[in-house]
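Here are some exercises to work through with the model open beside you. Try each task before reading its solution.

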Amino acid sequence: MSSPPPLFESREAPKGAKLVHRAFAASVFAGLCCTWIYRASSAASGLGRWAWNGMFAAELVLGFHWICCQAVRWNLTRYSPLPHLLSQRHEEELPAVDVFVCTADPVIEPPTLVVNTVLSVMSYNYPTRKLAVYLSDDGCSELTFYALHQASQFAKHWIPFCKRRNIEPRSPDAYFDKPTARPSGQDYCLLELCFYVKKLYEEMKSRIETMAEKGSVPPETRSQHKGFLQWGRHNNVTKRNHQSIVEIVIDGREEDAVDEDGDRLPTLVYVAREKRPQFHHNFKAGAMNALIRASSEMSNGAVILNLDCDMFSNDPDAIRDALCFFLDEQSGHRIAFVQHPQQYFNVTKNDLYGNSPLQTDKVELAGMGGYGAALYIGTGCFHRREALCGNKYSSKVDGQGSINWKSNDVNKTAKEMEEASKVLVSCSYEEGTRWGKEMGLVYGCPVEDVVTGMKIQCNGWKSIYYRPQKEAAFLGVAPNTLEISLIQHKRWAEGLFQIFLSSYCPLVYGHKRLPLGAQLGYCTYLLWAATAFPTLCYLVLAPLCLLQGIPLFPQVSSPWFIPFAYVYGARTIYSLVEGLMCGYTVKGWWNLQRVVLLRRSSSYVFSFVDTVAKQLGLSKASGFAVTAKVVTEDVRRRYEEEVMEFGSSSTTFIIVATVAMVNLFGLVGGIGKWWWVDGGMSLMGLQFGLCSVVVGLNLPVYVALFFRRDDGCLPVDVMFKAVGLASLAACLMAI
């Protein structure tokens, strides 16, 4: 009997494109080897010797990182689900799906933002009796619970409105902000319905925001749901010290849990795991593990979708697309998770802060998926529950019956399930268990998602990276200030580097468990912090040595000039062409180069230093930093106009400004010193070129230092400190 056709297609890059890339990579690698040979066989004297050795070390590290970057481009594979086949073969036996939404702070992550995400996933085109939505509130805020309760009432109108009209997206804020939200034509009934639902939403939003401004829920409102009793005056609830709270806001089994059309609503549950000062709560990883256990007592969906609270669902059929991978009869039994890219709805035309790097989304992550080792990035990911719970892959299980789940006792009352779940999310439950080690998300790392994904893959499972060709399945809120973006990357780079220095280093932990290409692919990201000081060597030593007449590269007339020029030129041209093919504008690609430079010379420096200090026991682990989602109107306007936002005297910006000034001094002073010297430009050609590029990338920094007078400029004290430090560095080099 022939096997049924697959539920998804996989397409590798064309052979011609592979050959071209591999030939290019081989030629650049040969050029790198030549530059290393030149550095090793030549030597400078005096002060130049230290600069020379620093450049050599920097080129070795950056060269290895470049090799890792090629590993993710070696085996590009793109996947496409076939949902029409899924409906034909599995419509009557679709598995239960649990959706986890995580929030941690009602101020940084406003309740209206959270409930928009919740409403978008409650409106999926999926059988509601098999859909359950769980909100984890690590802030344990009655305001968040109030917002969720309000959303549960509005859902009775919103869900049928979405499904009747088949509207997209199904986040109310995102939908009503669209110009097409108003129906066209003369269908007055439809127009009236649209205005009615919008009015209901705006009233709900106004109530939530008014309550947030007051800071607490008044007594008359508490009578609307028994869950408000958890925040009673005798319970003394605070963010870091409170009992377990589990409240079933909508019980999808109840007869009265229906929308205005009489159709069943999905189950909706609020969870605030217990927190006590004497227990470490393990941040988002602990919240996710608590949700896994609590949901197992209630709906126990075989598939879990986890989302950050600021990332709403943009595709109502996203679940069905993901199930095409899990339920495929030929290879679905091996798939542990399906990861979507992290995309944003508020990215500017030229992606000012590099928030949505298209080359990463379309090339690098697809390359990791080609090894069956797609990265788990913490949101927008569909999991097989058994794999997430630590079970190892077994080749004995295959085919259609690969997704199994036990049926929960439907005779339990909501009260019984709530009480049982409270025990599972208590502080002491995990003591002496495998949770956080072999079960659930791994503890002890700020980027628990990446290390958890790698551990799952080392258990024998495969993972899929799926980037829809149509609309993005999920859209989040991108950082709209430079400082927030750099703080976010500082946390990511620090956590990733911790993985590299831990027992989970992919070159060790993944040895013989993961393909070599996947191991190197992981290192592309785990070594972000390690590129900090090598990049600083280039950014600081080249201009300072230019001022003092110390050549760090072969002169233009030397044969050794060719490999240096080829490596820099070929890599730049390839990056530009790849970026344009992925959809960047030239300005967008240039913005990305600037942002990468700023990250490496600031955020990643702190990440490297902090990680090494922790490894040496010189500092304690820092807390999880939640990035702000709300900014002022002036900041939003400048972001939309693509004007970089500084406005702070932070150490990060002092470093950024100092590096910019060092290169400006080097370029201007170098031209004044060597332009008129016979052979000077030939001797210092590459250093002039390097400083010119860095100065060009830093133009917004100079404008913010010397010309802007708005609130987003760099403060005067930063200017004086940057000029002073750059001058001091130049003077020290002259001594």
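**Exercise 1. Find the residues that are linked with K490 in a network of salt bridges.**

Solution. Start from the criterion: a salt bridge is a side-chain nitrogen of Lys or Arg within 4 Å of a carboxyl oxygen of Asp or Glu. Applying it, you should arrive at a network that links K490, E494, D610 and K614. Next, widen the search to the whole structure, which gives 37 salt bridges.

A word on the source: this is a predicted model, in which local features need pLDDT of at least 70 and side-chain atom pairs count only at pLDDT 80 or more, while totals for chains, interfaces and linings use all residues. Residues are numbered from 1 along each chain as its sequence is written, and side-chain values use heavy atoms, with hydrogens and water left out.

**Exercise 2. Take the salt bridges of K199, D105 and K470, and describe where each partner sits.**

Solution. Helices (H or I, at least four residues) and strands (E, at least two) are DSSP runs, numbered from the N terminus. Buried means under 20% relative accessible area, exposed over 50%, and partly exposed in between (1.4 Å probe, protein chains only).

1. K199 pairs with E203, with their closest N and O atoms 2.6 Å apart. Both belong to helix α7 (residues 188-214), and because they are four residues apart, about one helical turn separates them. As a reminder, an α-helix has 3.6 residues a turn, so residues three or four places apart point the same way. K199 is partly exposed at 49%, and E203 is partly exposed at 31%.
2. K470 and D321 form a salt bridge whose closest N and O atoms are 3.7 Å apart. K470 is in the loop between β11 and β12 (474-475) and D321 is in helix α10 (residues 318-326), so this pair ties together parts 149 residues apart in sequence. D321 is buried, at 5% relative accessible area.
3. D105 meets K239 at 3.3 Å, N to O. This pair links distant parts of the chain, 134 residues apart: D105 is in the loop between β3 (97-103) and α4 (111-122), and K239 in the loop between α8 (219-222) and β5 (245-250). D105 counts as buried at 17% relative accessibility, whereas K239 is partly exposed at 31%.

**Exercise 3. Is helix α11 mostly covered or mostly open, and what does it pack against?**

Solution. First, the geometry: α11 (residues 358-370) has 13 residues and reaches 17 Å from first to last C-alpha, close to the 18 Å expected (1.5 Å times one less than the number of residues). Then count burial: 11 of the 13 residues are buried, so by the under 20% cut-off the helix is mostly covered. Among the buried ones are L358, D361, E364 and G369. Their neighbours come last: with contact meaning heavy atoms within 4.5 Å, the buried residues of α11 pack against β2 (77-81), β11 (462-465), α17 (516-526), α19 (561-582) and α20 (586-615). Just after the helix comes G372, whose phi is positive, near 70 degrees.

**Exercise 4. Which residues have the most contacts inside the largest nonpolar core?**

Solution. A nonpolar core is a set of buried Ala, Val, Leu, Ile, Met, Phe, Trp, Tyr and Cys residues joined through side-chain atoms within 4.5 Å. The largest has 75 residues, and Y124, W158, Y270, L323, F382 and F474 have the most contacts inside it. Helix α5 (residues 142-165) gives the most to this core, with 12 residues.
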